[in-house]
Amino acid sequence: MRAGDTLPPLEIPVTRTLVVAGAVASRDYQDVHHDAEAARAKGSPDVFMNILTTNGLVGRYVTDHFGPHAVLRKVAIRLGAPNYPGDTMVLTGTVAEVTDGSDGTATALVRIAGANGLGHHVTGTVTVEVPR
């Protein structure tokens, strides 16, 4: 693991089930995440993914790459374009810096982006610790 390394892209189909299940699993009962009529009444063309689901998918992306012993230390993301059912989000990442710890671990700062058909859905950084 070195600064400049890239993570392979991960394509995530955004389904209505993913949007609704993510909202329910994170106890986000805002109607715009499960009720299409309510979402349209509030100006959205459909239900859309909540930030907690996006946060979980970003975490999965990083830990899938770095392995089962990876520990997420910090996830700092910002949402942009909504994720609507029927689209695909593609997550990409680049290792920005690596710091060796004195305890046999290394900590990496990974820059993350997730794009869909409307633009960038999520951008941010993830700090992950891995054994050396």
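Among the elements of this protein, helix α2 (residues 36–41) has the lowest mean pLDDT, 96, and strand β1 the highest, 98. The model is a predicted one, with an average pLDDT of 96 over the protein and 100% of the residues scoring at least 70. Three helices and five strands make up the secondary structure. Their order along the sequence is β-α-α-α-β-β-β-β.

**Overall dimensions and burial**

- Taken along the principal axes, the C-alpha atoms of the protein fill a box of roughly 55 × 25 × 20 Å.
- The protein has 132 residues, of which 39% count as buried.
- Among contacts with a separation of 6 or more, 66% are between residues 24 or more positions apart.

**Annotated domain**

- The UniProt record, an unreviewed entry, places the feature "domain: MaoC-like" at residues 10–103.
- That span, residues 10–103, is 34% helix and 28% strand.
- The end C-alpha atoms of residues 10–103 are 31 Å apart.

**The sheet**

- The five strands form an open sheet with antiparallel pairing, in the order β1-β3-β4-β5-β2.
- β1 (6–13) and β2 (71–79) are at the edges and have a single partner strand each, so one side of each has no neighbour in the sheet.
- On average, neighbouring strands of this sheet are turned by 20° against each other, with direction ignored.
- Helix α3 (residues 51–66) packs on the sheet and touches β1, β2, β3 (88–100), β4 and β5.
- The direction of α3 makes about 135° with that of β2.

**Strand β4 and its partners**

- β3 and β4 run antiparallel and are joined by ten bridges.
- One of the pairs linking these two strands is L91 with its bridge partner G114 in β4.
- Four residues lie between the strands in the hairpin of β3 and β4, where G104 takes a positive phi near 85°.
- On the β5 side, β4 (residues 105–116) pairs with β5 (residues 119–131) in the antiparallel sense over twelve bridges.
- The bridge partner of A106 in β5 is V130, while that of I112 in β5 is G124.
- The hairpin formed by β4 and β5 has two residues between the strands.
- Nine of the twelve residues of β4 are buried, so this strand is largely enclosed by the rest of the structure.

**Helix α3**

- α3 has 16 residues, which at 1.5 Å a residue should span 22 Å.
- The end C-alpha atoms of α3 are 23 Å apart, in agreement with that expected span.
- The buried residues of α3 are T53, T54, L57, V58, G59, Y61, V62 and F66.
- These buried residues pack against α1 (16–25) as well as against β1, β2, β3, β4 and β5.
- G67 follows α3 and has a positive phi, near 100°.

**A3, in the segment before β1**

- A3 lies in the segment before β1.
- Its relative accessible area is 51%; exposed means over 50%, so A3 is exposed.
- Not counting residues up to four places away in sequence, A3 touches V95, A96, E97 and V98.
- A3 and V128 are 125 residues apart in sequence, and their C-alpha atoms are 13 Å apart in space.

**D46, in the loop between α2 and α3**

- D46 has its place in the loop between α2 and α3.
- The relative accessible area of D46 is 13%; buried means under 20%, so D46 is buried.
- Leaving aside neighbours within four places in sequence, D46 is in contact with R16, A36, A39, Y84 and P85.
- Of these contacts, Y84 is 38 residues from D46 along the chain, and the C-alpha atoms of D46 and Y84 are separated by 6.6 Å.

How values were computed:
Residues numbered from 1 in each chain as written. Predicted model: local features only at pLDDT ≥ 70, side-chain atom pairs only at ≥ 80, totals over all residues. Heavy atoms only, no water. Pairing = 2+ DSSP bridges. Axes fitted to C-alpha atoms, helices over the stretch in contact; angles between N-to-C directions. Contact = heavy atoms within 4.5 Å. UniProt positions renumbered as here; feature names shortened; annotations may be inferred. pLDDT = per-residue confidence, 0-100. Expected span 1.5 Å × (residues − 1). Buried < 20%, exposed > 50% of the residue type's maximum accessible area, 1.4 Å probe, protein only.
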